[in-house]
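Okay, thanks everyone, let me put the next one up. I'll talk you through the sheet, then what packs on it, then the core.

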Amino acid sequence: MHLPHWQSYCADAGDSRVRIDKLLWYLRLAASRNLAQAWVLAGHIRINGRRTDKPGHAVKAGDVLTLPMRLGVNVIEITTLPIRRGPALEAQSCYRVLDGSAANLIADVQPILSTGDPIP
C-alpha cells in the first residue's frame, strides 16, 4: 500500500501526546511557539470542552480543540500528531474541521478583517 508523502511526518503510535503550544505551532494555527503559548495562557482554548491555560497541556490524536480565531471559532479534531512544523498542506492533513459547514455571521458582516488569525 502506498502512503501519501506526508504520512512519514506524522507521529508513531508510541509518540502519543504533544504539548498544546507545540501542536498549535506545528499545525500552523499560531505563527510562532511564543504566540501559541500566549494564546493558551489567555485561557480561551478548550480541549475536549475543558478550558486550559497551561501551554504544557498534553494533546493526543482524537482530541477536539475549540480555538477562537479573529473571524469566529474553529472546532477541530486532531487525527494524527505531527512530528514537525511542515508545509501547510501537511499540517492540514493532521486535523479535520468539525464546524466547517456552519455559516459564520461575523465574517459576513466584517469582511475587511484579514485571515482567521488567532486572537492575541
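Let's start with strands S6 and S7: they run antiparallel and are joined by three bridges. In that pairing, Glu77 has Arg96 in S7 as its bridge partner. When I say two strands pair, I mean DSSP finds at least two bridges between them. Helices (H or I, at least four residues) and strands (E, at least two) are DSSP runs, numbered from the N terminus.

Quick caveats. This is a predicted model, with local features needing pLDDT of at least 70 and side-chain atom pairs counting only at pLDDT 80 or more, while totals for chains, interfaces and linings use all residues. Residues are numbered from 1 along each chain as its sequence is written, and side-chain values use heavy atoms, with hydrogens and water left out.

On the other side of S6 (residues 72-78) we have S5, antiparallel again, over six bridges. Those two make a hairpin with two residues between them, and Leu65 sits opposite Ile76 in S6.

Further along, S2 (residues 45-47) pairs with S3 in the antiparallel sense, over three bridges. Ile45 there stands opposite Thr52 in S3.

So what's the strand order of the whole sheet? It's S3-S2-S5-S6-S7, an open sheet of five strands with antiparallel pairing. S3 (50-52) and S7 (95-97) are at the edges with a single partner strand each, so one side of each has no neighbour in the sheet. On average, neighbouring strands are turned by 30° against each other, direction ignored. Axes here are lines fitted to C-alpha atoms, for helices over the stretch in contact, and angles run from 0 to 180 degrees between N-to-C directions.

Packing on this sheet is helix H2 (residues 33-41), which touches S2, S3 and S5 (64-69). The direction of H2 makes about 95° with that of S5. Contact, by the way, is heavy atoms within 4.5 Å.

Now the core. The largest nonpolar core (buried Ala, Val, Leu, Ile, Met, Phe, Trp, Tyr and Cys joined through side-chain atoms within 4.5 Å) has 21 residues. Buried is under 20% relative accessible area, with a 1.4 Å probe and protein chains only. Among the residues with the most contacts inside that core are Leu24, Trp39 and Leu67. Helix H1 (20-26), H2, S2, S5 and S6 each give two or more residues to this core.

Leu24 is a nice one to click on: leaving out residues up to four places away in sequence, Leu24 touches Leu29, Ala30, Ala36, Trp39, Val40, Ile45 and Leu67.

Notes: Buried means under 20% relative accessible area, exposed over 50%, partly exposed in between (1.4 Å probe, protein chains only).
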